[in-house]
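Colleague: Could we go through this structure together? I would like to begin with how the helices pack.

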Amino acid sequence: MAKRVYQVWKGSNKFILGGRLIFGPDARSLIVTISLITVPVIIFCAFVARNLLHQFKPYNAGYAVLVVAIVFTIYVLVLLFLTSSRDPGIIPRNPHPPEDEIRYESSISHEHGGRQTPSLQFPRTKEVIVNGVSVRVKYCDTCMLYRPPRCSHCSICNNCVQKFDHHCPWVGQCIGLRNYRYFFMFVSSSTLLCIYVFAMSAFYIKVLMEENRGTVWKAMKESPASVILMAYCFISLWFVGGLTGFHLYLIGTNQTTYENFRYRADSRSNVYNRGCLNNFLEVFCSKVKPSKNNFRAFVQEEVPPPPAPPLREMGAAEQDDSGGDPRSKVEDDLDIGEDLLKISQRRNIEDINEDIRSRGSTGPQLNVSEVDSSLGSDHRAPTIRSDARHSSWGHRSGSWDIASEVLANANVTESRGYAPSKETRQ
């Protein structure tokens, strides 16, 4: 039976509802986050908002306090769900390394007798142009791809994420290109919810002081829930409020959390800043890009790539391209050299015979065919090489004279090659 993409997913994500929802590996932290939101609101509705229902009698506005708290809490939980259950911008992995970037570099291997063997290597970085500025992108060994600009690999989810901001343990998901807007709205809405609960709890303390005409301490004793909620919201505001302010700064300068720390450490300029207004429009008014992954699609049978040749065969092929096996090349060179030597020696002997005839010498002529046979023998080849090495010609007044050393060597060669013929003549 064919499997779906989410069933063979290589990342650390968790899927529910047949791959319709994707979470991070720490999705259980959502239970803690939901509890930190809903429990204080339940306490607020039960001990504070319920007592304020009749404080605004003319228009029954007291019910609005309760309704606003419930509706706003549901809104915050929906934003939390949209942040944690959607694809943050995961880039699909490549099944194989990019072939157009593969390059082979020769390296000397002692295992192969010192021969040169090719080694597979990838450029670790590439240069791309962003807004007219050259930006360096890195190669990801896990995903086997060059990360696009502003992309980074999350070690927790084990995925490359577009416009990676950070991995938030409170939402159990990476924050990236496709869920950053919802993440900011969740954090800012949580800040507003904390302010609302804190303000309504403080207002209820004030109402108790006016009804009882007592001090603040007496009012706080009558409603300890209000005191607990005020303290809780005050502490939470330092967290979610500070986070909201920090991300407002990041949006205004078009940075991510990861880039902010990295650029600050490297003292690099931000090439993505388009101005404060355009930066806010890019985050809140641009269309959310569709996911690059269809987790419910069926996995197609992958065609295996052609097996890479072993290093020895690749090394031999490389040697063939550059000149073949060194030993065979040496043998070929020796054969060619010996053939050239025979041709040169044959022409020298012919010239000697012609010169002897022109001088009127009655000595025996050298037979070229027999010299060739003597040159082909293993025992006489060294003598011929030495003769050719010592032969010299001098040009005097338009005629060629043979040096005495060459004639002597020629006679020695002649006597060795033609001894039987002399006996026959005698």
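Modeller: Certainly. Please keep in mind that this is a predicted model. One place to begin is the pair H3 and H5, whose crossing is left-handed.

Colleague: How many nonpolar, polar and charged residues are in the contact of H3 with H5?

Modeller: That contact comprises 21 nonpolar residues and nine polar ones, with no charged residues.

Colleague: And the geometry: within what distance do the axes of H3 and H5 come, and at what angle do they cross?

Modeller: The two axes come within 8 Å, and the crossing angle is roughly 150 degrees; H5 covers residues 224-253. Angles over 145 degrees count as roughly antiparallel, so H3 is roughly antiparallel to H5.

Colleague: What does H3 itself look like from end to end?

Modeller: Helix H3 spans residues 180-212, which is 33 residues. From its first C-alpha to its last it reaches 48 Å, close to the 48 Å expected at 1.5 Å a residue.

Colleague: Which residue follows H3?

Modeller: Arg-213 follows, with a positive phi near 50 degrees.

Colleague: Let us turn to H1. Within what distance do the axes of H1 and H3 come?

Modeller: They come within 11 Å and cross at roughly 25 degrees, H1 being residues 29-47. Since angles under 35 degrees count as roughly parallel, H1 and H3 are therefore roughly parallel to each other. The crossing of H1 and H3 is left-handed.

Colleague: Which residues of H1 and H3 make the contact?

Modeller: From H1, the contact uses Thr-33, Ile-37, Val-41, Phe-44 and Phe-47. From H3, it uses Phe-186, Leu-193, Tyr-196, Val-197, Met-200, Ser-201 and Tyr-204. By class, the contact of H1 with H3 has ten nonpolar and two polar residues, and no charged ones.

Colleague: Now the strands, please. In what order do the three strands of the open sheet lie?

Modeller: The order is S5-S6-S7, with antiparallel pairing. Strand S5 (125-130) and strand S7 (145-146) are the edge strands, each pairing on one side only.

Colleague: How many bridges join S5 to S6?

Modeller: Six bridges join S5 to S6, the latter being residues 133-140, and the two strands run antiparallel. Within that pairing, Ile-129 stands opposite Ser-134 of S6, and Val-128 has Val-135 as its bridge partner in S6.

Colleague: What about the hairpin of S5 and S6: which residue takes a positive phi?

Modeller: Asn-131 does, with phi near 55 degrees; that hairpin has two residues between the strands.

Colleague: And on the other side, over how many bridges do S6 and S7 pair?

Modeller: S6 and S7 pair over two bridges, in the antiparallel sense. Tyr-139 stands opposite Tyr-146 in S7. The hairpin of S6 and S7 has four residues between the strands, and Met-144 there takes a positive phi near 55 degrees.

Colleague: One last item: where does Arg-147 lie?

Modeller: Arg-147 lies in the loop between S7 and strand S8 (152-154). Leaving aside neighbours within four places in sequence, Arg-147 is in contact with Val-137, Lys-138, Cys-140, Ser-152, His-153 and Cys-160.

Colleague: How far apart are the C-alpha atoms of Arg-147 and Cys-160?

Modeller: They are separated by 7.4 Å, the two residues being 13 residues apart along the chain.

Methods
Residues numbered from 1 in each chain as written. Predicted model: local features only at pLDDT ≥ 70, side-chain atom pairs only at ≥ 80, totals over all residues. Heavy atoms only, no water. Expected span 1.5 Å × (residues − 1). Pairing = 2+ DSSP bridges. Axes fitted to C-alpha atoms, helices over the stretch in contact; angles between N-to-C directions. Parallel < 35°, antiparallel > 145°, perpendicular 65-115°, else oblique. Left-handed = near helix turned anticlockwise from the far one by under 90°. Contact = heavy atoms within 4.5 Å. Nonpolar A, V, L, I, M, F, W, Y, C, P; charged D, E, K, R; others polar.
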